[in-house]
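Reader: I would like to go through a structure with you, topic by topic. Could you show it to me before we start?

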Amino acid sequence: MAERSTAAVDVADNGGDEPLAAQAAKATSDGVDTQNGRAADGPMPDKDGERMKAAPAAAPELHSGHKLARRYRLEECVTRVDGFSSWRAMDEKLRRAVGVHLMPADHARARSVLAAARSSALLGDPRFVQVLDAVEENDLVYVVHEWLPDATELTAVLAAGPLEPHEAYQLVSQVSQAMAAAHREGLAHLRLTPSAILRTSSGQYRIRGLAVNAALRGITSETPQRADTEAIGALLYAALTQRWPYESDAYGLTGLPKGVGLLAPDQVRAGVHRGLGELAMRALANDGATASRQEPACTSPEELAKAVAAMPRIRPPEPAFTAPPEYQHTTYQQGSYGRPTPPGSPTTQVRPVPPPPPLQSRTGRALKWGVAALLIAALGLGSWQLADTLLDRISQKGNSGGTSNTKTGTEDNPKQSEPGKPLPIQHVSVLGGSVQPQLAPKTIDNNPATAWITKEYYNYPDFGRLEQENNGSGIIVDLGELKNVTGLDIDMYVPGQTAEVFAASADAGNPETLGAFTHRLTELKLTDKKLQATFDTPVRTRFVLIHITELPPSGGGYRGGISEIKVLGP
């Protein structure tokens, strides 16, 4: 049941004359009853001018076990309403769960659903649940999308209580930034409800049903940016107060009292973060409502994202510290454990008298003085031998008439004036193999204009906290055979990346993880456009890893990479 509620797609309709977010509340999300997880049957009320009328069309009569394209096996129907149905299915080719929307090919909205699904798939933003396929086949139109069994609907999260200020800040920040990116590409959601927001196990928020949910229900809007902004404001309001900001109850949340209008969050619940409460009012300011402190209302996700970024950052709560239990003295007494108590003896245990401090007798004091004398004698002898050795070295240097390495400096401080020449590189690959592996060869093509460039990550510079296995990513260099490495000359794609360099042991076979590189060549540090190093002692290895742990800002996210790699040797 939990899996069904977290993966079904939000396809409920708008109705009445209230704002879009309020009308969305009147219908159950995904066409699924939020109380018992079962699909709701029957059509939803229309909104004048915003829902296209569809000719009646029966939902396809399919059953569990039916296969689409000899690949997607339907397993459980989670929604059947208004001429279409939604299913949990299994992709038998890739062995993974997926979600599928089905409708007859002659359905009045079939073409718009296909167009919306293909547009959403082209966005390719990881903050949205991805559309995997959109097909018309055998008098059927079906849309395949990701299924996230480990994610939790915001509806279920809010059922447990309002969010902490830091969590609410992350919610409005991530959702507003994602929707701003979608609107820049001409895509709107129009169905942003608590059931359309999923929180993953890593704390990221993902949005499902972009463009598709509205197309399934024929929902349109003359002001899509304003509609999505107001919906984000409703989400933030609910996260802060555990109340739905309209008069009707929805998504397991109680609505506001009738006839009083839109109340500020701090008037609904005590202790609400003031800045977030004012932000919710600015996003919800519509149809006669006014924003707090006379600040202008946010009319687009872009404006809302900028307002969130201008707020002072809200720190996560400090972890609660639980004091360890107070130490309890035991009743153990030496020599009596496990022995029966003689008749007539007291039953209470008496603590043993501690023994006298050691080495306090005459013999003990003599022993201490003897050990101290031996230590002093040993230190004196060692100091004399060390001084004698140093004097011999100075004498030998004076007789030899100077240094033994005229090219690199004094004998006591040898260093190479030149790190060496580039060694031939047989192959390069990406650590972990998941970050743009097809671009890895560009790091050794002797063309600074090309590079291995990471994807753009959002919210966190450490690869969006997605590349957890290797604490980042990087390039593995294979020299083909054991070589003596004396230096590095690496052109970074952009400055400001946090990076380090490792070498594998001489007996390493084919290292593919960070733990396989045991020899550190450079410290972890913030790099410039160039990462160069020279080693006093050559390092004998076949494999070198340039490991990047954090990326610099790039546009709305974080991105980095490597342009050219040269491993130097004698």
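Author: The model shown here is predicted, and the questions below take up its helices, pockets, salt bridges and cysteines.

Reader: Let us begin with helix H7. What span should its 18 residues have, and how far apart are its end C-alpha atoms?

Author: Helix H7 covers residues 224-241, and at 1.5 Å a residue its 18 residues should span 26 Å. The end C-alpha atoms are 26 Å apart, which agrees with that expectation.

Reader: How many of the residues of H7 are buried?

Author: The count is 16 of the 18 residues, so H7 is largely enclosed by the rest of the structure. Buried here means under 20% relative accessible area.

Reader: And what does Gln242 do just after H7?

Author: Gln242 takes a positive phi of about 60° there.

Reader: Let us turn to the pockets. How much space lies in the largest pocket?

Author: The largest pocket holds about 920 Å³ of space. Its lining is made up of 37 residues, and those nearest its centre are Ser173, Gln177, Tyr458, Asn459 and Gly556.

Reader: Which elements give two or more residues to that lining?

Author: They are helix H5 (165-184), helix H10 (301-310) and strand S21 (557-558). Of these, H5 gives the most to the lining of the largest pocket, with 10 residues.

Reader: How do the residues of the lining of the largest pocket divide by character?

Author: There are 14 nonpolar, 12 polar and 11 charged residues in the lining of the largest pocket.

Reader: Staying with H5, what span should it have?

Author: The 20 residues of H5 should span 28 Å at 1.5 Å a residue, and the end C-alpha atoms are indeed 28 Å apart. H5 is also mostly covered, with 16 of its 20 residues buried. Just after H5, Gly186 takes a positive phi of about 80°.

Reader: What about the second largest pocket: how much space lies there?

Author: About 450 Å³ lies in the second largest pocket. It is lined by 18 residues, and Pro126, Arg127, Glu456, Tyr457 and Leu466 are the closest to its centre. The lining of the second largest pocket divides into 5 nonpolar, 7 polar and 6 charged residues.

Reader: Now the charged contacts. How many salt bridges does the structure hold?

Author: The structure holds 21 salt bridges. One of them is between Glu75 and Arg73, with the closest N and O atoms 2.7 Å apart.

Reader: Which residue does Glu92 pair with in a salt bridge?

Author: Glu92 forms a salt bridge with Arg73, and there the closest N and O atoms are 2.3 Å apart. Glu92 lies in the loop between strand S3 (84-91) and strand S4 (96-104), while Arg73 is in strand S2 (residues 72-81), so the pair ties together parts that are 19 residues apart in sequence.

Reader: Are these residues buried or exposed, taking Arg73 for a start?

Author: Arg73 counts as partly exposed, at 24% relative accessibility. Glu75 is partly exposed as well, with a relative accessible area of 24%, and Glu92 counts as partly exposed at 24%.

Reader: What about Glu500 and Arg520: how do their side chains meet?

Author: They meet in a salt bridge, at 2.7 Å from N to O. This pair links distant parts of the chain, with Glu500 in strand S16 (residues 498-503) and Arg520 in strand S17 (residues 519-520), 20 residues apart. Glu500 counts as buried at 6% relative accessibility, whereas Arg520 is partly exposed at 37%.

Reader: Which residues do salt bridges that share partners join into one network?

Author: Lys67, Arg73, Glu75, Glu76, Arg88 and Glu92 are joined in that way.

Reader: A change of topic: how many disulfides are there?

Author: The count comes to 0 disulfides. As for individual cysteines, Cys77 counts as buried at 18% relative accessibility, and Cys298 counts as buried at 1%.

Reader: Last item: where is Gly472 found?

Author: Gly472 is found in the loop between strand S14 (452-453) and strand S15 (473-492). Its relative accessibility is 5%, so Gly472 counts as buried. Gly472 and Pro461 are 11 residues apart in sequence, and their C-alpha atoms are 9.8 Å apart in space.

Terms used:
Residues are numbered from 1 along each chain as its sequence is written. This is a predicted model: local features need pLDDT of at least 70, side-chain atom pairs count only at pLDDT 80 or more; totals for chains, interfaces and linings use all residues. Side-chain values use heavy atoms; hydrogens and water are left out. Helices (H or I, at least four residues) and strands (E, at least two) are DSSP runs, numbered from the N terminus. The expected span of a helix is 1.5 Å times one less than its number of residues. Buried means under 20% relative accessible area, exposed over 50%, partly exposed in between (1.4 Å probe, protein chains only). A disulfide is a pair of cysteine sulfur atoms within 2.5 Å. A salt bridge is a side-chain nitrogen of Lys or Arg within 4 Å of a carboxyl oxygen of Asp or Glu. On a 1 Å grid over the protein atoms alone, a cavity is a set of points where a 1.4 Å probe fits but cannot get out, and a pocket is an open set with protein on both sides within 12 Å along at least five of seven lines; lining residues have an atom within 4 Å of a point. Grid points are joined across faces, edges and corners, and a volume is the space filled by probe spheres set on the points. Ala, Val, Leu, Ile, Met, Phe, Trp, Tyr, Cys and Pro count as nonpolar, Asp, Glu, Lys and Arg as charged, and the others, Gly among them, as polar.
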